[in-house]
Amino acid sequence: MDLGFKGQVALVTGAGSQIGFGREIALSLAREGCAAVGVTDINLDDAKLTCEAVKALGVKSIAVKADVTNKAEVEAMVKEMISNLGDIDILCNVAGAIMSNGPFEEQDPAVWTKEVALNLFSPMFVSAAVLPCMRKKGKGAIVNIGSGSSHMYIHGVGVYAQAKGALDVFTKQLATAEAKNRIRVNCVAPGPAPTNFIKAPDKQAVIEFLKKELPLGRATSAQDIANATLFFASDVSIDISGQVLHVSGASVM
Ligand SMILES: NC(=O)c1ccc[n+]([C@@H]2O[C@H](COP(=O)([O-])OP(=O)(O)OC[C@H]3O[C@@H](n4cnc5c(N)ncnc54)[C@H](O)[C@@H]3O)[C@@H](O)[C@H]2O)c1
(Lines give C-alpha, C1' and ligand atoms only; values in the text may rest on other atoms or scores of the structure.)
Protein backbone atom coordinates (compact mmCIF):
# COMPACT_ATOMS: atom_id res chain seq x y z
CA MET A 1 0.00 0.00 0.00
CA ASP A 2 1.39 3.43 -0.95
CA LEU A 3 1.07 5.72 2.06
CA GLY A 4 1.70 8.73 -0.19
CA PHE A 5 4.53 10.19 1.88
CA LYS A 6 6.74 10.96 -1.14
CA GLY A 7 7.96 14.56 -0.92
CA GLN A 8 6.34 15.16 2.48
CA VAL A 9 7.95 16.98 5.39
CA ALA A 10 7.25 15.69 8.91
CA LEU A 11 8.00 17.01 12.39
CA VAL A 12 8.13 14.71 15.42
CA THR A 13 8.32 15.98 19.02
CA GLY A 14 9.65 13.84 21.87
CA ALA A 15 11.81 12.00 19.33
CA GLY A 16 14.91 11.80 21.51
CA SER A 17 14.16 8.74 23.65
CA GLN A 18 16.05 5.90 21.98
CA ILE A 19 13.42 3.33 23.02
CA GLY A 20 10.45 5.69 22.74
CA PHE A 21 7.53 6.13 20.37
CA GLY A 22 8.87 9.37 18.83
CA ARG A 23 12.06 7.81 17.47
CA GLU A 24 10.13 4.86 16.01
CA ILE A 25 7.60 7.22 14.40
CA ALA A 26 10.40 9.36 12.91
CA LEU A 27 12.21 6.30 11.50
CA SER A 28 8.98 4.80 10.14
CA LEU A 29 8.07 8.07 8.38
CA ALA A 30 11.56 8.08 6.87
CA ARG A 31 11.37 4.42 5.79
CA GLU A 32 7.93 4.95 4.22
CA GLY A 33 9.10 7.73 1.92
CA CYS A 34 9.00 11.15 3.61
CA ALA A 35 11.44 13.60 2.05
CA ALA A 36 12.39 15.10 5.42
CA VAL A 37 11.74 14.29 9.06
CA GLY A 38 12.62 16.96 11.62
CA VAL A 39 13.11 15.75 15.18
CA THR A 40 12.89 17.75 18.39
CA ASP A 41 13.31 17.00 22.08
CA ILE A 42 14.24 18.76 25.30
CA ASN A 43 17.30 16.49 25.22
CA LEU A 44 19.31 17.59 22.17
CA ASP A 45 21.96 14.83 22.37
CA ASP A 46 19.25 12.17 22.16
CA ALA A 47 17.43 14.02 19.36
CA LYS A 48 20.72 14.11 17.42
CA LEU A 49 20.97 10.30 17.67
CA THR A 50 17.49 9.96 16.12
CA CYS A 51 18.38 12.56 13.50
CA GLU A 52 21.49 10.55 12.50
CA ALA A 53 19.39 7.36 12.28
CA VAL A 54 16.90 9.14 9.97
CA LYS A 55 19.73 10.47 7.80
CA ALA A 56 21.22 6.95 7.63
CA LEU A 57 18.00 5.98 5.80
CA GLY A 58 18.82 8.62 3.16
CA VAL A 59 16.20 11.09 4.42
CA LYS A 60 16.85 14.75 5.24
CA SER A 61 16.67 15.60 8.95
CA ILE A 62 17.68 18.13 11.54
CA ALA A 63 17.52 17.92 15.33
CA VAL A 64 16.42 21.04 17.20
CA LYS A 65 16.25 21.42 20.98
CA ALA A 66 13.00 22.74 22.44
CA ASP A 67 11.12 22.46 25.69
CA VAL A 68 7.69 22.06 24.13
CA THR A 69 6.03 23.56 27.22
CA ASN A 70 7.69 26.87 26.34
CA LYS A 71 5.71 28.68 23.60
CA ALA A 72 8.62 30.91 22.53
CA GLU A 73 10.99 27.90 22.22
CA VAL A 74 8.35 26.02 20.22
CA GLU A 75 7.91 28.94 17.80
CA ALA A 76 11.68 29.26 17.30
CA MET A 77 12.02 25.47 16.81
CA VAL A 78 9.24 25.32 14.19
CA LYS A 79 10.73 28.33 12.36
CA GLU A 80 14.11 26.57 12.22
CA MET A 81 12.50 23.33 11.00
CA ILE A 82 10.63 25.14 8.20
CA SER A 83 13.64 27.17 7.06
CA ASN A 84 15.79 24.01 6.88
CA LEU A 85 13.31 21.36 5.70
CA GLY A 86 10.42 23.29 4.10
CA ASP A 87 6.74 23.65 5.01
CA ILE A 88 5.50 20.91 7.32
CA ASP A 89 2.87 18.44 6.04
CA ILE A 90 2.79 16.09 9.03
CA LEU A 91 3.06 16.90 12.74
CA CYS A 92 3.34 14.16 15.37
CA ASN A 93 2.94 15.50 18.92
CA VAL A 94 4.64 12.75 20.90
CA ALA A 95 6.43 14.42 23.88
CA GLY A 96 4.69 13.60 27.15
CA ALA A 97 5.27 12.16 30.60
CA ILE A 98 3.57 11.18 33.82
CA MET A 99 4.75 13.26 36.77
CA SER A 100 2.45 12.76 39.75
CA ASN A 101 1.22 9.59 41.40
CA GLY A 102 -0.64 8.42 44.48
CA PRO A 103 -3.65 10.00 46.22
CA PHE A 104 -4.32 13.38 44.64
CA GLU A 105 -4.69 15.19 47.98
CA GLU A 106 -1.03 14.41 48.66
CA GLN A 107 0.24 15.60 45.27
CA ASP A 108 2.01 18.90 44.61
CA PRO A 109 -0.14 21.32 42.54
CA ALA A 110 3.05 22.84 41.11
CA VAL A 111 3.72 19.42 39.52
CA TRP A 112 0.15 19.28 38.18
CA THR A 113 0.79 22.57 36.38
CA LYS A 114 3.89 21.12 34.69
CA GLU A 115 2.06 17.88 33.86
CA VAL A 116 -0.82 19.70 32.16
CA ALA A 117 1.63 22.01 30.36
CA LEU A 118 3.48 19.04 28.87
CA ASN A 119 0.60 16.71 28.06
CA LEU A 120 -2.03 19.25 26.95
CA PHE A 121 -0.55 22.68 26.26
CA SER A 122 2.55 21.52 24.38
CA PRO A 123 0.60 19.83 21.53
CA MET A 124 -1.46 23.05 21.36
CA PHE A 125 1.68 25.21 21.11
CA VAL A 126 3.30 23.05 18.42
CA SER A 127 0.05 22.74 16.44
CA ALA A 128 -0.46 26.52 16.57
CA ALA A 129 3.07 27.08 15.25
CA VAL A 130 2.68 24.55 12.41
CA LEU A 131 -0.88 25.36 11.31
CA PRO A 132 -0.05 28.48 9.21
CA CYS A 133 2.05 26.46 6.74
CA MET A 134 -0.54 23.66 6.59
CA ARG A 135 -3.30 26.23 5.94
CA LYS A 136 -1.15 27.75 3.18
CA LYS A 137 -0.87 24.29 1.57
CA GLY A 138 -4.57 23.55 2.15
CA LYS A 139 -3.62 20.14 3.54
CA GLY A 140 -2.01 18.58 6.59
CA ALA A 141 -2.12 15.82 9.17
CA ILE A 142 -1.64 16.24 12.91
CA VAL A 143 -1.35 13.15 15.10
CA ASN A 144 -1.43 13.59 18.87
CA ILE A 145 -0.24 10.83 21.14
CA GLY A 146 -2.83 10.52 23.89
CA SER A 147 -3.18 7.72 26.41
CA GLY A 148 -5.41 4.81 27.28
CA SER A 149 -5.19 6.05 30.87
CA SER A 150 -7.81 8.72 30.17
CA HIS A 151 -10.24 5.89 29.33
CA MET A 152 -9.28 3.55 32.19
CA TYR A 153 -9.96 4.34 35.81
CA ILE A 154 -6.78 3.37 37.63
CA HIS A 155 -6.33 4.61 41.18
CA GLY A 156 -3.66 7.24 41.46
CA VAL A 157 -3.08 8.16 37.81
CA GLY A 158 -4.72 11.55 38.29
CA VAL A 159 -3.71 14.66 36.44
CA TYR A 160 -1.81 12.89 33.63
CA ALA A 161 -4.99 11.05 32.61
CA GLN A 162 -7.01 14.26 32.94
CA ALA A 163 -4.59 16.12 30.67
CA LYS A 164 -4.62 13.29 28.09
CA GLY A 165 -8.44 13.24 28.24
CA ALA A 166 -8.40 16.96 27.49
CA LEU A 167 -6.01 16.24 24.61
CA ASP A 168 -8.70 13.97 23.10
CA VAL A 169 -11.09 16.94 23.28
CA PHE A 170 -8.49 19.28 21.73
CA THR A 171 -8.01 16.72 18.93
CA LYS A 172 -11.74 16.81 18.13
CA GLN A 173 -12.05 20.59 18.46
CA LEU A 174 -9.06 21.24 16.19
CA ALA A 175 -10.27 18.60 13.71
CA THR A 176 -13.61 20.44 13.51
CA ALA A 177 -12.01 23.88 13.17
CA GLU A 178 -9.50 22.85 10.50
CA ALA A 179 -11.62 20.48 8.41
CA LYS A 180 -12.37 23.31 5.96
CA ASN A 181 -8.60 23.63 5.37
CA ARG A 182 -8.32 19.85 4.78
CA ILE A 183 -6.13 19.53 7.88
CA ARG A 184 -6.93 16.29 9.68
CA VAL A 185 -6.30 15.86 13.40
CA ASN A 186 -6.36 12.47 15.09
CA CYS A 187 -5.05 10.86 18.24
CA VAL A 188 -3.33 7.54 18.94
CA ALA A 189 -3.92 6.39 22.54
CA PRO A 190 -1.27 3.87 23.64
CA GLY A 191 -1.55 1.48 26.52
CA PRO A 192 1.44 0.71 28.74
CA ALA A 193 4.61 0.05 26.73
CA PRO A 194 8.21 -0.52 27.84
CA THR A 195 9.74 2.87 26.91
CA ASN A 196 11.46 5.33 29.23
CA PHE A 197 7.95 6.50 30.14
CA ILE A 198 7.81 3.50 32.49
CA LYS A 199 10.52 4.09 35.04
CA ALA A 200 11.14 0.40 35.93
CA PRO A 201 14.78 -0.30 34.96
CA ASP A 202 14.14 -3.93 33.89
CA LYS A 203 12.19 -3.45 30.65
CA GLN A 204 12.10 -7.21 29.96
CA ALA A 205 10.30 -7.74 33.28
CA VAL A 206 7.79 -5.05 32.21
CA ILE A 207 7.24 -6.87 28.90
CA GLU A 208 6.66 -10.20 30.68
CA PHE A 209 4.22 -8.53 33.10
CA LEU A 210 2.27 -6.90 30.24
CA LYS A 211 2.11 -10.20 28.32
CA LYS A 212 0.37 -11.72 31.33
CA GLU A 213 -1.92 -8.76 32.05
CA LEU A 214 -3.07 -7.50 28.63
CA PRO A 215 -5.96 -9.30 26.89
CA LEU A 216 -4.05 -9.87 23.63
CA GLY A 217 -1.18 -11.47 25.56
CA ARG A 218 1.53 -9.21 24.18
CA ALA A 219 3.25 -5.96 25.17
CA THR A 220 2.47 -2.95 22.95
CA SER A 221 5.62 -1.97 21.05
CA ALA A 222 6.88 1.37 19.75
CA GLN A 223 6.37 -0.02 16.23
CA ASP A 224 2.67 -0.69 17.03
CA ILE A 225 2.29 2.99 17.94
CA ALA A 226 4.26 4.10 14.86
CA ASN A 227 2.04 1.98 12.59
CA ALA A 228 -1.15 3.61 13.91
CA THR A 229 0.46 7.07 13.74
CA LEU A 230 1.50 6.56 10.11
CA PHE A 231 -2.05 5.46 9.27
CA PHE A 232 -3.40 8.80 10.53
CA ALA A 233 -0.50 10.75 9.00
CA SER A 234 -1.06 9.26 5.54
CA ASP A 235 -3.70 9.76 2.87
CA VAL A 236 -4.85 6.20 3.59
CA SER A 237 -6.95 7.88 6.30
CA ILE A 238 -7.94 10.86 4.10
CA ASP A 239 -11.60 10.62 5.18
CA ILE A 240 -10.88 10.27 8.91
CA SER A 241 -10.47 13.14 11.38
CA GLY A 242 -11.18 13.82 15.05
CA GLN A 243 -10.70 10.18 16.07
CA VAL A 244 -8.97 8.54 19.01
CA LEU A 245 -7.52 5.12 18.19
CA HIS A 246 -6.56 2.85 21.07
CA VAL A 247 -3.44 0.75 20.54
CA SER A 248 -3.24 -1.12 23.81
CA GLY A 249 -3.55 -4.87 23.45
CA ALA A 250 -7.36 -4.72 23.73
CA SER A 251 -7.19 -3.18 27.21
CA VAL A 252 -9.48 -0.30 26.13
CA MET A 253 -12.49 -0.85 23.86
N1 LIG B 1 4.99 4.20 27.06
C2 LIG B 1 3.80 4.17 27.62
O3 LIG B 1 3.47 3.28 28.44
C4 LIG B 1 2.78 5.20 27.23
C5 LIG B 1 1.43 4.89 27.44
C6 LIG B 1 0.47 5.85 27.08
C7 LIG B 1 0.86 7.04 26.52
N8 LIG B 1 2.18 7.31 26.33
C9 LIG B 1 2.54 8.60 25.71
O10 LIG B 1 3.39 8.37 24.61
C11 LIG B 1 4.19 9.53 24.38
C12 LIG B 1 5.63 9.12 24.16
O13 LIG B 1 6.12 8.53 25.33
P14 LIG B 1 7.22 7.37 25.30
O15 LIG B 1 6.54 6.17 25.80
O16 LIG B 1 7.94 7.35 24.01
O17 LIG B 1 8.15 7.94 26.49
P18 LIG B 1 9.69 8.29 26.54
O19 LIG B 1 9.89 8.80 27.93
O20 LIG B 1 10.49 7.14 26.09
O21 LIG B 1 9.85 9.50 25.50
C22 LIG B 1 9.31 10.77 25.75
C23 LIG B 1 10.20 11.85 25.13
O24 LIG B 1 9.62 13.14 25.38
C25 LIG B 1 10.67 14.03 25.70
N26 LIG B 1 10.18 15.15 26.51
C27 LIG B 1 9.72 15.11 27.79
N28 LIG B 1 9.42 16.35 28.20
C29 LIG B 1 9.69 17.19 27.17
C30 LIG B 1 9.60 18.59 27.00
N31 LIG B 1 9.16 19.40 27.98
N32 LIG B 1 9.94 19.12 25.81
C33 LIG B 1 10.38 18.32 24.82
N34 LIG B 1 10.51 16.99 24.92
C35 LIG B 1 10.17 16.43 26.09
C36 LIG B 1 11.65 13.17 26.49
O37 LIG B 1 12.95 13.76 26.54
C38 LIG B 1 11.61 11.87 25.72
O39 LIG B 1 12.56 11.83 24.68
C40 LIG B 1 3.95 10.46 25.56
O41 LIG B 1 3.04 11.47 25.18
C42 LIG B 1 3.32 9.54 26.60
O43 LIG B 1 2.48 10.26 27.49
C44 LIG B 1 3.14 6.43 26.68
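This report describes a predicted model of a protein with a ligand, moving from the whole chain to single residues.

## Overall build

The protein contains 7 helices and 7 strands, and, read from the N terminus, these elements follow one another in the order β-α-β-α-β-α-β-α-β-α-β-α-α-β. The radius of gyration of the protein is 17 Å, close to the 18 Å that the globule rule gives for 253 residues, so the protein is as compact as a globular protein of that length. Along its principal axes, the C-alpha trace spans about 45 × 35 × 35 Å.

Of the 253 residues in the protein, 49% are buried. If we take the contacts in the protein with a separation of 6 or more, 73% of them are accounted for by residues 24 or more positions apart.

## Around the ligand

The ligand is surrounded by 28 residues, and the closest of these are G14, S17, G20, G96 and T195. Sorted by the character of their residues, the shell around the ligand divides into 14 nonpolar, 11 polar and 3 charged.

## An enclosed helix

How many of the 11 residues of helix α1 are buried? In this helix, which covers residues 21–31, 10 of the 11 are buried, so α1 is largely enclosed by the rest of the structure. The buried residues of α1 are F21, G22, R23, E24, I25, A26, L27, S28, L29 and A30, a list in which the charged residues R23 and E24 appear beside nonpolar ones such as I25 and L27. Just after α1 comes G33, which takes a positive phi of about 115°.

## Two packed helices

Two packed helices are described by the angle between their axes and the distance between the axes. For helix α3 (residues 71–85) and helix α4 (residues 109–137), the angle is about 35° and the axes are 9 Å apart, and α3 passes α4 in a right-handed crossing.

On the side of α3, the contact is made by K71, V74, E75, V78 and I82, while α4 contributes F125, V126, A129, V130 and C133. The residues of this contact divide into 8 nonpolar, no polar and 2 charged. An α-helix has 3.6 residues a turn, so residues three or four places apart point the same way.

## Positive phi outside glycine

Two residues other than glycine deserve a separate look, and the question for each is where it lies and whether it is buried or exposed. R182 has a phi near 55°, a positive value in a residue other than glycine, and R182 is placed in the loop between α5 (159–178) and β6 (183–190). With 15 C-beta neighbours inside 10 Å, R182 counts as partly exposed, because that class lies between the limit of 12 or fewer for exposed residues and that of 20 or more for buried ones.

A250 is not a glycine either, although its phi is positive at about 70°, and A250 belongs to the segment after β7 (244–247). There are 12 other C-beta atoms within 10 Å of A250, so A250 is exposed.

## An exposed residue in α6

Is Q204, a residue of helix α6 (residues 203–213), buried or exposed? Q204 has 10 other C-beta atoms within 10 Å and is therefore exposed. Between Q204 and P132 there are two distances to consider, since the two residues are 72 residues apart in sequence and 43 Å apart in space, taken from C-alpha to C-alpha.

How values were computed
Residues are numbered from 1 along each chain as its sequence is written. This is a predicted model: local features need pLDDT of at least 70, side-chain atom pairs count only at pLDDT 80 or more; totals for chains, interfaces and linings use all residues. A residue is near a molecule or strand if its C-beta atom, placed from the backbone, lies within 6 Å of it. Helices (H or I, at least four residues) and strands (E, at least two) are DSSP runs, numbered from the N terminus. The radius of gyration is taken over C-alpha atoms; the globule rule is 2.2 Å times the number of residues to the power 0.38. Two residues are in contact if their C-beta atoms, placed from the backbone, lie within 7 Å. Axes are lines fitted to C-alpha atoms, for helices over the stretch in contact, and angles run from 0 to 180 degrees between N-to-C directions. A crossing is left-handed if the near helix is turned anticlockwise from the far one by less than a right angle, and right-handed if clockwise.
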